[in-house]
Amino acid sequence: MRALRIAAAVELLSPAVLLVNLVTVHAKPVTSLAGPVHGTAYLAVIAATALFPGVSAGTRWRSAIPGVGGLLVLRRIPRPDHLEGP
């Protein structure tokens with residue numbers, strides 16, 4: 001769950017970094033770093049969702065939405081601290 005949260009945050013923030021870089025200085029090193037970071041976070045969200053037990057097919061499809069898929073998945077997966085237990 002923690003890996004999914006981190007990947008979702010990076011997936012959301014990396015396009016913002018790319019856009020800010022595009023409208024300001026357009027530094028090639030920033031683009032060269034943030035682009036692959038975003039792609040890796042996107043794939044990590046999809047993989048983590050696929051490996052999460054008991055996830056519905058709809059939630060798996062939502063993970064494939066670039067940029068916000070991770071956040072959509074986190075909204076549909078119950079948090080462990082909200083589960084009832086002894």
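User: How much area does the chain expose, and what share of it do carbon and sulfur atoms supply?
Analyst: This is a predicted model, and its areas are computed. The chain exposes about 5,800 Å². Of that area, the share supplied by carbon and sulfur atoms is 71%.

User: What percentage of the residues count as buried?
Analyst: Buried means under 20% relative accessible area. The chain has 86 residues. The portion of them that counts as buried is 23%.

User: What are the spans of the C-alpha trace along its principal axes?
Analyst: The trace belongs to a chain of 86 residues. Along the principal axes, its C-alpha atoms span about 55 × 25 × 15 Å.

User: How many helices and strands are there, and what pattern does the chain follow?
Analyst: The chain holds four helices. Its strand count is zero. Read along the sequence, the pattern is α-α-α-α.

User: Are α1 and α2 roughly parallel or antiparallel?
Analyst: Helix α1 covers residues 2–23 and helix α2 covers residues 28–51. Their axes come within 8 Å and cross at roughly 150°. Angles over 145 degrees count as roughly antiparallel. So α1 and α2 are roughly antiparallel.

User: Is the crossing of α1 and α2 left-handed or right-handed?
Analyst: The two axes come within 8 Å. The crossing of α1 and α2 is left-handed.

User: How do the residues of the contact of α1 with α2 divide into nonpolar, polar and charged?
Analyst: On the α1 side, the contact includes Leu-4, Val-10, Glu-11, Ser-14 and Leu-18. On the α2 side, Val-30, Ala-34, His-38, Tyr-42 and Val-45 are among them. The residues divide into 15 nonpolar, six polar and one charged.

User: Is Ser-14 buried or exposed, and which residues does Ser-14 touch?
Analyst: Ser-14 sits in helix α1. Its relative accessible area is 6%, so Ser-14 is buried. Leaving out residues up to four places away in sequence, Ser-14 touches Ala-34 and His-38.

User: Where is His-26, and what is its phi?
Analyst: His-26 lies in the loop between α1 and α2. Its phi is positive, in a residue other than glycine. The value is near 50°.

User: At what angle do the axes of α1 and α4 cross, and how do the residues of their contact divide?
Analyst: Helix α4 covers residues 69–76, and its axis comes within 7 Å of the α1 axis, crossing at roughly 145°. From α1 the contact draws on Leu-4, Arg-5, Ala-8, Glu-11 and Leu-12, and from α4 on Gly-69, Gly-70, Leu-71, Val-73 and Leu-74. These residues divide into six nonpolar, two polar and two charged.

User: Is Pro-53 buried or exposed, and how far in space is Pro-53 from Ile-77?
Analyst: Pro-53 is in the loop between α2 and α3. Exposed means over 50% relative accessible area. Pro-53 has 64%, so Pro-53 is exposed. Pro-53 and Ile-77 are 24 residues apart in sequence, and their C-alpha to C-alpha distance is 9.9 Å.

User: Does Trp-61 count as buried or exposed, and what distance separates its C-alpha atom from that of Val-30?
Analyst: Trp-61 is found in helix α3. At 68% relative accessibility, Trp-61 counts as exposed. Trp-61 and Val-30 are 31 residues apart along the chain, and their C-alpha atoms are separated by 30 Å.

User: What share of the contacts with a separation of 6 or more comes from residues 24 or more positions apart?
Analyst: The share concerns contacts in the chain with a separation of 6 or more. Residues 24 or more positions apart account for 57%.

Technical notes:
Residues are numbered from 1 along each chain as its sequence is written. This is a predicted model: local features need pLDDT of at least 70, side-chain atom pairs count only at pLDDT 80 or more; totals for chains, interfaces and linings use all residues. Side-chain values use heavy atoms; hydrogens and water are left out. Axes are lines fitted to C-alpha atoms, for helices over the stretch in contact, and angles run from 0 to 180 degrees between N-to-C directions. Helices (H or I, at least four residues) and strands (E, at least two) are DSSP runs, numbered from the N terminus. Angles under 35 degrees count as roughly parallel, over 145 as roughly antiparallel, 65 to 115 as roughly perpendicular and the rest as oblique. A crossing is left-handed if the near helix is turned anticlockwise from the far one by less than a right angle, and right-handed if clockwise. Contact means heavy atoms within 4.5 Å. Ala, Val, Leu, Ile, Met, Phe, Trp, Tyr, Cys and Pro count as nonpolar, Asp, Glu, Lys and Arg as charged, and the others, Gly among them, as polar. Buried means under 20% relative accessible area, exposed over 50%, partly exposed in between (1.4 Å probe, protein chains only). Accessible areas come from the Shrake-Rupley method with a 1.4 Å probe; for residues, only the protein chains shown count as cover.
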